[in-house]
Amino acid sequence: MLSEKLLRELNEQIKYEFFSANYYLAMAAFCASRDFNGFANFFIVQAEEERFHAMKFFNFINERGERVFISALDEPKNDFQSLEEVFTLALHHEKFVTARIYSLMDLAGEEREHATISFLKWFIDEQVEEEAGMSDILSKIQRIGENGEGIYHLDKELSLRTFTPPAE
Ligand code: FEO
């Protein structure tokens, strides 16, 4: 049985993961509006990953015999000025999510809730990849700029991304 506090925080994480999906869809919409369809594809796939993350929490809470609550989501930011701004914000957001996962892990550790600790380990590793992915693309954009041939090639590269459910 999960403590009331831990259950509340795990449910809260479902909200953050679904919010992340919507935030990335807003970023995809901006990229599409600038005809960067590969960048848009990158964020559409990212949104699918975030929904997958949300469902992992959903399933874990259910498996523990506890009750899932679905909350309302805030409207994400929709106005962006550049690809650099989009990826700066995406990286910042992933760091925020990492901090959330760390605080969930701290709480599970304090409560010696070993099943939750084991479950959260997957997310600790996943966040390393999530931050690295955003950071890598941000660095490339900063290096090549947003107007030359380089950005066209990067857009093409990102158009190839597909969603594969991450390994459990
Ligand atoms: Fe669910 Fe991008 O972290």
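Leaving aside neighbours within four places in sequence, which residues is Y23 in contact with? The legends below refer to a predicted model.

**Figure 1. Y23 and its contacts.**
Y23 sits in helix α1. Leaving aside neighbours within four places in sequence, Y23 is in contact with P76, K77, F80, L89 and H93. One of these partners, H93, is 70 residues away from Y23 along the chain. In space, the C-alpha atoms of Y23 and H93 are separated by 9.3 Å. Is Y23 buried or exposed? Its relative accessible area is 10%. Buried means under 20%, so Y23 counts as buried.

**Figure 2. The whole chain, for orientation.**
The protein chain has five helices and zero strands. From the N terminus on, its elements run α-α-α-α-α. The radius of gyration is 17 Å, close to the 15 Å that the globule rule gives for 168 residues, so the chain is as compact as a globular protein of that length. Along its principal axes, the C-alpha trace spans about 55 × 25 × 25 Å. Buried residues make up 45% of the 168 residues. Now take the contacts between residues at least 6 apart in sequence: 81% of them join residues at least 24 apart. The accessible surface comes to about 9000 Å². Carbon and sulfur atoms account for 52% of that surface.

**Figure 3. The largest nonpolar core.**
This core has 28 residues. Which residues have the most contacts inside it? They are F39, F43 and F87. Helices α1, α2, α3, α4 and α5 each supply at least two residues of the core. Helix α1 gives the most, with nine residues. Apart from this core lies another, of 22 residues. Among the residues of that other core are L2, F52, A54 and L107.

**Figure 4. A close-up of F43.**
F43 is one of the residues with the most contacts inside the largest nonpolar core. What does F43 touch, not counting residues up to four places away in sequence? The list is Y24, M27, A28, C31, V86, F87, A90 and M134. One of them, F87, also ranks among the residues with the most contacts inside this core.

**Figure 5. The two sides of helix α5.**
Helix α5 covers residues 149-158. Within this helix, I151, L154, D155 and L158 are buried. Why do these buried residues lie on the same side of α5? They cover an arc of only 105 degrees around the axis, and this puts them on one side. On the other side of α5, E149, Y152 and K156 are exposed. The buried residues of α5 pack against α2, α3 and α4.

**Figure 6. A salt bridge between distant parts of the chain.**
Side chains of opposite charge can pair when their charged atoms come close. The side chains of R100 and E9 meet in a salt bridge, at 3.1 Å from N to O. This pair links distant parts of the chain. R100 lies in helix α3 (residues 83-110), and E9 lies in helix α1 (residues 4-33). The two residues are 91 residues apart. Is each partner buried or exposed? R100 is buried, with a relative accessible area of 11%. E9 is partly exposed, with a relative accessible area of 22%.

**Figure 7. Salt bridges within one helix.**
K15 forms a salt bridge with E12. Their closest N and O atoms are 3.3 Å apart. Both residues lie in helix α1. They are three residues apart, about one turn of the helix. K15 is partly exposed, with a relative accessible area of 24%. E12 also counts as partly exposed, at 24% relative accessibility.

Helix α4 (residues 114-144) holds K140 and D136. Their side chains meet in a salt bridge, at 3.3 Å from N to O. K140 and D136 are four residues apart, so about one helical turn separates them. K140 is partly exposed, with a relative accessible area of 22%. D136 is partly exposed too, at 40% relative accessibility.

**Figure 8. A network of salt bridges.**
Which residues are linked in a network of salt bridges? They are K77, D79 and E85. K77 has appeared before, in contact with Y23. How many salt bridges are there in total? The count comes to eight.

Technical notes
Residues are numbered from 1 along each chain as its sequence is written. This is a predicted model: local features need pLDDT of at least 70, side-chain atom pairs count only at pLDDT 80 or more; totals for chains, interfaces and linings use all residues. Side-chain values use heavy atoms; hydrogens and water are left out. A salt bridge is a side-chain nitrogen of Lys or Arg within 4 Å of a carboxyl oxygen of Asp or Glu. Buried means under 20% relative accessible area, exposed over 50%, partly exposed in between (1.4 Å probe, protein chains only). The arc is that of the directions from the helix axis to the C-beta atoms. Contact means heavy atoms within 4.5 Å. A nonpolar core is a set of buried Ala, Val, Leu, Ile, Met, Phe, Trp, Tyr and Cys residues joined through side-chain atoms within 4.5 Å. The radius of gyration is taken over C-alpha atoms; the globule rule is 2.2 Å times the number of residues to the power 0.38. Accessible areas come from the Shrake-Rupley method with a 1.4 Å probe; for residues, only the protein chains shown count as cover.
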